[in-house]
Amino acid sequence: MVDKKFIIREAKKEDASQLIELIKTIANESKFLTFAEGEFNTTVEEEEDIIEMSLQDHTSLFLVAEISGKIVGNLYFSSGTRSKTIHFGKFGVSVKKAYWRLGIAKKMMFFLIDWAKTNKITRKINLEVHEENINAIHLYEKLGFVVEGKISRYFCEKHTFHSAIIMGLEID
Ligand SMILES: CC(C)(COP(=O)(O)OP(=O)(O)OC[C@H]1O[C@@H](n2cnc3c(N)ncnc32)[C@H](O)[C@@H]1OP(=O)(O)O)[C@@H](O)C(=O)NCCC(=O)NCCS
């Protein structure tokens, strides 16, 4: 029986190797990440730097979902770096398959939206999602994201192209 009690918190440097393993696992479990199996080659040091930067930067957020000390999900949001683009950012979210449908992604996104509403800089959250990723599209719609467009040939899998759906949420 899967332990269902999870906590959401900001990532810390010591999470780096667990996060790398998690992302590799999810890349095997889902075809909807942008990297295929074996393509996620970030080193522990690089991952630590990303975490450290997100802790220091007021317009980045790196969240993890933890169950009994084990990281089972993550969300990473980063913003534009120039004055004209710093008000928006985009994010990716993923959860290990054994823990799907427990509300983990939803909780991380609520955290992101609350954080965006209070950081005084973020006014828009954008995302791109594979056109066939119905679960994720349901999740985003549930949280108020609206479809803003589509980019054709965004993904190429075994010589077949797929579009990305562009969705966004304005932050008041
Ligand atoms: C998409 C993903 C992040 C959802 O994570 P999750 O923790 O299972 O999602 P939640 O439990 O918070 O579900 C929230 C809502 O999303 C929708 N949803 C999630 N999984 C679903 C499924 N299997 N079928 C239908 N709707 C689903 C539902 O509306 C759900 O709300 P409900 O349970 O109240 O009906 C997860 O399936 C995942 O990591 N997939 C692989 C990576 C990925 O696709 N990431 C997104 C890339 S853009």
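Q: Which feature does UniProt place at residues 6-172?
A: The model here is predicted. The name comes from the UniProt record, in an unreviewed entry. For residues 6-172 that record gives "domain: N-acetyltransferase".

Q: How far apart are the end C-alpha atoms of residues 6-172, and what share of the span is helix and strand?
A: Helix accounts for 31% of the span and strand for 35%. The C-alpha atoms at its two ends are separated by 29 Å.

Q: How much space lies in the largest pocket, and which residues lie nearest its centre?
A: The space in the largest pocket is about 1500 Å³. Its lining counts 45 residues. Nearest the centre are Leu 33, Gly 92, Val 93, Ser 94 and Tyr 140.

Q: Which element gives the largest share of the lining of the largest pocket?
A: Several elements give two or more residues to this lining, among them helix H1 (16-29), strand E4 (88-95) and helix H4 (134-142). Strand E5 (124-130) and strand E6 (146-157) are also on that list. The largest share is seven residues, and it comes from H4.

Q: How do the residues of that lining in the largest pocket divide by class?
A: Nine residues of the lining are charged and eleven are polar. The nonpolar residues number 25.

Q: Which residues are closest to the centre of the second largest pocket?
A: This pocket holds about 340 Å³ of space. Its lining is made of 14 residues. Closest to the centre are Lys 31, Phe 35, Ala 36, Glu 37 and Glu 157.

Q: Which element gives the largest share of the lining of the second largest pocket?
A: H1 and E6 are the elements that give two or more residues to this lining. By class, the lining has six nonpolar, three polar and five charged residues. The largest share is three residues, from E6.

Q: Is Asn 126 buried or exposed?
A: Asn 126 lies in strand E5. Its relative accessibility is 17%. The cut-off for buried is under 20%, so Asn 126 counts as buried.

Q: With which side chain does the side chain of Asn 126 make a polar contact?
A: Leaving out residues up to four places away in sequence, Asn 126 touches Phe 88, Gly 89, Lys 90, Phe 91, Glu 148, Met 167 and Gly 168. The polar contact of its side chain is at 2.9 Å. The partner is the side chain of Lys 124.

Note on methods
Residues are numbered from 1 along each chain as its sequence is written. This is a predicted model: local features need pLDDT of at least 70, side-chain atom pairs count only at pLDDT 80 or more; totals for chains, interfaces and linings use all residues. Side-chain values use heavy atoms; hydrogens and water are left out. On a 1 Å grid over the protein atoms alone, a cavity is a set of points where a 1.4 Å probe fits but cannot get out, and a pocket is an open set with protein on both sides within 12 Å along at least five of seven lines; lining residues have an atom within 4 Å of a point. Grid points are joined across faces, edges and corners, and a volume is the space filled by probe spheres set on the points. Helices (H or I, at least four residues) and strands (E, at least two) are DSSP runs, numbered from the N terminus. Ala, Val, Leu, Ile, Met, Phe, Trp, Tyr, Cys and Pro count as nonpolar, Asp, Glu, Lys and Arg as charged, and the others, Gly among them, as polar. Buried means under 20% relative accessible area, exposed over 50%, partly exposed in between (1.4 Å probe, protein chains only). A polar contact is a pair of N or O atoms within 3.5 Å; within protein, one must be able to donate a hydrogen and the other to accept it, and residues adjacent in sequence count only if both atoms are side-chain atoms. Contact means heavy atoms within 4.5 Å. UniProt positions are given in the numbering used here, feature names are shortened, and annotations may be inferred rather than shown by experiment.
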